Amino acid sequence: MSSSLIWEQASPAQHGMWVTDRLGGDPRAHHMPLLIRLTGELDRAALAAACAAVVDRHPLLGKALADRDGVVGLVPAATPPALESGPAEVEFDLATGPLTRFILTSSGSEHELLVVAHHAVFDGVSKDLLVRDLALAYSGSPLSPPTASESEPVDIAAATEFWRPRWRDPVELALPGLTALSLRATPADAVDLKLDPELGQLAESLGVTRFEALVALLHTLLYGYRSGPQTLAVDLSTRTAADQDTIGLFANELPVFTTPSSTDSFAQFARNVRAELREIYRHRRVPLARAVTGITPRAALAPVSLSYRKRSAPDPEFPGLTSSVEWMTAGGALRNTLHVQVVDGVGARLSFDPACLSRASADLVAADLAELLAALAATPYKRLKDLPPPHPAELSTLSAPATAAPAGPADEGILAVMTAIWCEVLGVEEVHPDDDLFDLGGHSLTITQIIARVDKRLGVELTLDTFFETPTLAELVSQVEAARADPHGAMPR
């Protein structure tokens, strides 16, 4: 059967990944690398067979993302993933795939297997599953049959009710030496963080999880730099019981908003954060842009974010070889200004955009976090105002998109077509020229559907950026008119 006929609609998370990949910037921000070091007499044929077995066991690794009339779906990759010889630059084409690479480099008895998967088909837990199954297959053990993922129903109306009073676009941040804010995929630098054993002690003393303690700790640090409301974007797992043994994208980034009070003890604040996280978890499967209007697609929801996962199992063994796994292999890019990555039992890292923050400034943030954690581990009931002050911070604000020139008189024919498209996609009966797409409930899915219909009916391929810079109907009509009139622009086909 032709691969073009095998099509399965992508999940909301995968569609969002497809959109953010097209926002531009450094594509490595969506790569999830994993380095396996092997020493000894490697059986290359057995390793190649093991890679193939893992792809058979986890079919998503062999998929690509295709766009059909604005709807994104999963199709077989043009070329299935297979063991390659390195070194090699890793680039992904979402439309053709493959979205997983196995790259082996060898020097004598020393071997490095670099596995890189696109985030659209992979998450943090997937790393553990891949290495486990790769080691099993290399040993000659059969892998269990693929399991079908069970989708849970999502209640968008309930998520909307929850998020509408909470959502505020995070446009300000204060950090030592901060010069700008970013919500784009950019090259990254990183510094290591030391959180153990203090983080475990703090969590245990307060009766919260390590993740909850860490979220409260980061909010407190940001509050120390600038008093007032704080925002931290966190990755939450969406795995069900049926998904625990399946490689894929089972994560959703959601914001955690707090308004700390200087008179609160950290213990009370941490419990408040815990309660908020448990409320958020009820809506973890709904992408924020599907629940709240007015959110333009961006690489990350907030300038500061956190990813956290536990890892307590020992590294799998490859028979006849000495092996080690670099579970926090650096990808070289990030999606915002500052990102904290924690793999419990392995380590922690603070990645930052060097265009916004120097390495010296990042070192100050890391030092402030360590000092704050040490103080709280010793005395968790201290009031926030009594905690050690961090280094002085500079406030930066996200720059607003450039304002487009006022739209002139619209071509009535193009306006009528565009109005009809908006009504169809948004499910409304009436749209006015000055209406804003995002105010009407537009999000990444509706944008791609509008792009596809404008291309089909008017022969103009609009870009995602066009919708952020000119989100009203009249402005977009002007963009279509300009594209049709400019022989060097996006011309009708």
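Author: Two strands pair if DSSP finds at least two bridges between them; strands (E, at least two residues) and helices (H or I, at least four) are DSSP runs numbered from the N terminus. This is a predicted model, in which local features need pLDDT of at least 70, side-chain atom pairs count only at pLDDT 80 or more, and totals for chains, interfaces and linings use all residues. Residues are numbered from 1 along each chain as its sequence is written, and side-chain values use heavy atoms, with hydrogens and water left out.

Reader: Why is β1 said to pair with β4?

Author: Two bridges join β1 to β4 (residues 71-76), and the criterion is at least two, so the strands count as paired. They run antiparallel, and Gln9 stands opposite Gly73 in β4.

Reader: What makes β1 and β3 edge strands?

Author: The open sheet has the order β1-β4-β3; β1 (8-9) and β3 (63-68) each pair on one side only.

Reader: How is the packing of α10 and α11 described?

Author: The helices α10 (residues 412-426) and α11 (residues 444-458) pack at about 145 degrees, with axes 10 Å apart. Axes are lines fitted to C-alpha atoms over the stretch in contact, and angles run from 0 to 180 degrees between N-to-C directions. Contact means heavy atoms within 4.5 Å; Met418 and Trp422 in α10 are among the residues that meet α11, where Val454 is one of the partners.

Reader: Which helix gives the most to the largest nonpolar core?

Author: Helix α10 does, with eight residues. This core has 75 residues, and Leu113 is one of those with the most contacts inside it.

How values were computed. Core = buried A, V, L, I, M, F, W, Y, C linked by side-chain atoms within 4.5 Å. Buried < 20%, exposed > 50% of the residue type's maximum accessible area, 1.4 Å probe, protein only.
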